[in-house]
Amino acid sequence: MCTHGDFLQAWTCLPEAVRSGRAAFEVHTGRPLFAYLEAEHEAASVFTRAMNASVAVDALLDGVALSGTERVADLGGGEGALLAALLCRHPNMEGVLFDLPHVVSGAGPLLRERGVADRCAVVGGSFLDGVPAGADVYLMARVMQNWPREGAARILRNVSRAMGDSSRLLIVGHLPEGRDTTPFLQAMSLYMYVLYGAPLRTAEEYGKLFAETGLTLHAVHRVEDGESVMDVRRA
Ligand SMILES: C[S@@+](CC[C@H](N)C(=O)[O-])C[C@H]1O[C@@H](n2cnc3c(N)ncnc32)[C@H](O)[C@@H]1O
């Protein structure tokens with residue numbers, strides 16, 4: 001994915017992105033990444049295969065105890081590769097896969113192949129408008145880092161509204177540590193800036209977003225140079 005077509009060529013628009021405040025990918029293609037993927041099927045297939053092949057299942061399973069969880073909603077869950085891995089490890093758990101309608105419409109084969117389709121509801125929608133209620137655990141893997149501040153706050157407000165008093169929100173993704181950020185995470189941060197116009201956030205920066213959206217950071221499972229897990233609750 002990193003070296004494919006527009007994903008690579010977007011880097012040539014980095015100077016204009018810095019000047020204009022728009023994502024380099026959007027400057028290069030004329031569309032934000034997810035709108036572009038809806039229309040460009042070959043690139044969407046490359047993106048989806050990259051996501052499915054690199055899910056952060058170990059960070060999630062090592063980082064947080066999920067026993068006792070009955071219902072997990074994976075928001076922006078793509079075709080469900082991470083959710084399927086989770087459901088395979090927890091045979092009594094049920095899942096809700098939530099993503100844009102044209103993305104979840106392709107999820108059936110993967111969920112059936114992994115043997116979890118009968119325990120997994122599939123819901124198409126936009127988390128900018130709202131998310132399904134009633135899950136014990138809400139999962140957002142490699143999703144919050146796709147959004148500049150305004151979109152990120154809107155998504156978190158919608159998740160906060162859907163959460164019950166005992167629900168947890170698990171945010172999975174790269175989590176830099178300010179001045180101590182490793183070269184790899186600096187590179188990831190620059191790549192997120194090129195694709196989405198949003199560099200990676202530190203836990204402190206997330207903390208400010210949580211405070212504005214009715215949430216609070218409960219615990220962090222940190223994986224250096226890997227994907228970390230933030231365990232977030234309603235404030
Ligand atoms: C970087 S991918 C991560 C996919 C998956 N969570 C993973 O870790 O492999 C971000 C996902 O967010 C989804 N997404 C983007 N905009 C969305 C929206 N408005 N509502 C719901 N999902 C959205 C994309 O379709 C994509 O599947």
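Visitor: What puts a backbone N or O atom of Ala141 in polar contact with a nitrogen atom of the ligand?

Guide: In this predicted model, the two atoms lie 2.7 Å apart. A polar contact is a pair of N or O atoms within 3.5 Å, so this pair counts.

Visitor: Which side chain has an N or O atom 2.7 Å from an oxygen atom of the ligand?

Guide: That is the side chain of Arg142. The cut-off is 3.5 Å, so this pair is a polar contact too. A polar backbone atom of Phe127 is 3.0 Å from a nitrogen atom of the ligand, and that value is also within 3.5 Å.

Visitor: How much of the ligand's accessible area does the protein cover?

Guide: On its own the ligand has 600 Å² of accessible area, and the protein covers 95% of that. The ligand sits in the largest pocket.

Visitor: Which residues around the ligand come nearest?

Guide: There are 18 residues around the ligand, and Gly76, Asp99, Ser126, Ala141 and Arg142 come nearest. By kind, the shell has 10 nonpolar, 6 polar and 2 charged residues.

Visitor: Why is the ligand said to lie between domain 1 and domain 2?

Guide: Domain 1 (1–54) and domain 2 (56–234) both give residues to the shell, so the ligand lies between them.

Visitor: How far apart are the C-alpha centres of domain 1 and domain 2?

Guide: Those centres lie 21 Å apart. The two domains are in contact, with 19 residues taking part from domain 1 and 16 residues from domain 2.

Methods: Residues are numbered from 1 along each chain as its sequence is written. This is a predicted model: local features need pLDDT of at least 70, side-chain atom pairs count only at pLDDT 80 or more; totals for chains, interfaces and linings use all residues. Side-chain values use heavy atoms; hydrogens and water are left out. A residue is near a molecule or strand if one of its heavy atoms lies within 4 Å of it. A polar contact is a pair of N or O atoms within 3.5 Å; within protein, one must be able to donate a hydrogen and the other to accept it, and residues adjacent in sequence count only if both atoms are side-chain atoms. Accessible areas come from the Shrake-Rupley method with a 1.4 Å probe; for residues, only the protein chains shown count as cover. On a 1 Å grid over the protein atoms alone, a cavity is a set of points where a 1.4 Å probe fits but cannot get out, and a pocket is an open set with protein on both sides within 12 Å along at least five of seven lines; lining residues have an atom within 4 Å of a point. A molecule sits in a cavity or pocket if more than half of its atoms lie within 2 Å of its grid points. Ala, Val, Leu, Ile, Met, Phe, Trp, Tyr, Cys and Pro count as nonpolar, Asp, Glu, Lys and Arg as charged, and the others, Gly among them, as polar. Domain bounds come from an automatic or database domain assignment. Contact means heavy atoms within 4.5 Å.
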